[in-house]
Amino acid sequence: MILLVVEYSNGKVSKSTLEMTTAARGIGREGPITLLVLGSGVASVAEQAALYADQVLVADKPELAQYDPEVWAAAVAQIAREGEAHTVLIGGSRSGREYSPRVAVKLDAPLIEDAISLSDRSGTLVAAHYTFLSRVTETVEAEGPVCVVTVKPGAFAAAQPAGAAGEQYDAELALPKPRLQVTGKTAEKTERISLTEADLVVSGGRGVDSPEGFKQLVEALADQLGAAVGATRAIVDAGWRPYSEQVGQTGKTVQPKAYIAVGISGAVQHLSGMNKSKFIVAINKDANAPIFKIADYGIVGDVHQIIPAMITELRK
Amino acid sequence: MRILTVVRQVLDAEESVSIQDGSVALDGRKLVMDTMDEYGVEEALRLREARAGAEVIALALGPARSEEALRSALAMGADRAILVETEAALDVIAVSSVVAQVARSEQIDLIFCGGQQADWDSHALGAATAERLEWPQATWTSALSLQDKTLTGKHDVDGGSESFAVTLPAVVTTQQGLNEPRYPTLPNIMKAKKKELRRVPLTDYGVSAKLRIVGVEVQVKERRKNIIDGKDAGAAAAKLVDLLRHDAGVIG
């Protein structure tokens, strides 16, 4: 079977789960697609998941109320072993990429990280993923009775529900105690549309000159367009913007229809977080800025004049 | 207390990538210690400076040239280094077996490695090593402090961050923002040349690759490169908005 670990938040199945379902349906390997729901009070998540798969395994336990890498890895490896899964699909989220290596070691399986394509070639699993800070596409082959794969968010289309709802079963698990004690949590504040799911992103860098400049240019343009707001590492480090808005190697990876870079020069670490955007738009005073090398549209000019003029134009 | 810090020698992020004989060309390019690993070396040194008798060991796995990354770690202040030599491109799950074996034989209490590798883009080494050793892990840390055997800190998780506490032994992955790595001074670079660097062949560890690389391709997405002169801000803005509306069709 193909085992797929359901990602959800606030009681709703995440888009990444539906994307993994598409990946699972397209692999071309035999056996049912089994969705695994881990958590506490997750009956409604399981019900939503059942619309997409042959069967759903539900582990609804108080010990699973909070994610822990060791607990999650133990649960997934156990189910994969008992169900003789040949493929285990895990979301390419921060947590998914954190516990999936443990699952691979437990199963003595190869691990493919952040797959953007996935298929079976006479028993060998073939996958593509990005390497070298998202500048290179590498194709890898994995053999063996079972393989663990994390799936890159946004790489597959979201699946449509299957014809009939799948059967639900309770999963019996022996779980370890978490050893990483969580002593406090800080949630990202998002008043706007989510950065990773937005069709349009307006991002700002040092070229906006100040926190006020960011508000007047980047936030104002984003509000006019209904876009999400992003930032470079330099201005996050400078304390102008929260880390939750950082795009790049150490921040978020985005792939919107259009990415509008305001006063961003285009360091490779930043580009690795946005270079798969459908259209890239750059506004920068330096005509030699690396961002222009990967831009579809751009203006060489002063962002303090260009952005207000764009907002005026959009209001017309 | 012994701290193991894993370092990797990778293509400098500022270098362009091109393909030669089926892999990314490295000959004649600037290679550096993976920046994500520098934060681990720095953090290990800070922990050692805070307690007498601690030892920092740098470990690299790769071809002979990986010695340069180890020399950088030694020049920053690591006490000694181990190079597990191989020309083979080993995947991270295979590498984690070597790191775990070294950690056992060196009686390590704490392992640092970078949160993401600049060549493989992998996040997996820390967690895979922790699993092999049956140790807990803290990934993507942005602050750390150690008291006796209790490591506390802050790390990034889905949708935010958490503060945590964990008892050693443990594996920790590092990232930008954790600290400011020091630059090696000239006297320390000289001293580093005399520090112990032990070479061990990979064959001593009995591991084999779990993944086979069958294709490598540089991403070239053709971009339109329609760049407008912005001397007349109003006209340039109007033209750009028009292009976004009618050429790209991304705004209404």
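This is a short talk on how chains A and B of this model meet.

First, the ground rules. The model is predicted: local features need pLDDT of at least 70, side-chain atom pairs count only at pLDDT 80 or more, and totals for chains, interfaces and linings use all residues. Residues are numbered from 1 along each chain as its sequence is written, while chains are lettered from A and ligands numbered from 1 in the order in which they are written.

Start with the contact. Chain A gives 70 residues and chain B gives 71. Contact here has C-beta atoms, placed from the backbone, within 7 Å. On chain A's side, helix α4, residues 94-106, supplies the largest share, ten residues. Helices (H or I, at least four residues) and strands (E, at least two) are DSSP runs, numbered from the N terminus.

Now the sheet. Ten strands form it, open and mixed in pairing. Strands pair if DSSP finds at least two bridges between them. The order starts at β11(A) and ends with β9(A)-β14(B). Why do β11 of chain A and β14 of chain B stand at the edges? Each has a single partner strand, so one side of each is left without a neighbour in the sheet.

Look inside the sheet. β7 and β8 of chain A run antiparallel, joined by six bridges. S117(A) has A128(A) in β8(A) as its bridge partner. Helix α4(A) packs on this sheet, touching β6, β7 and β10 of chain A.

One more link between chains. Strand β17 of chain A runs parallel to β15 of chain B, with four bridges. There, I299(A) stands opposite I228(B).

Note on methods. Two residues are in contact if their C-beta atoms, placed from the backbone, lie within 7 Å. Axes are lines fitted to C-alpha atoms, for helices over the stretch in contact, and angles run from 0 to 180 degrees between N-to-C directions.
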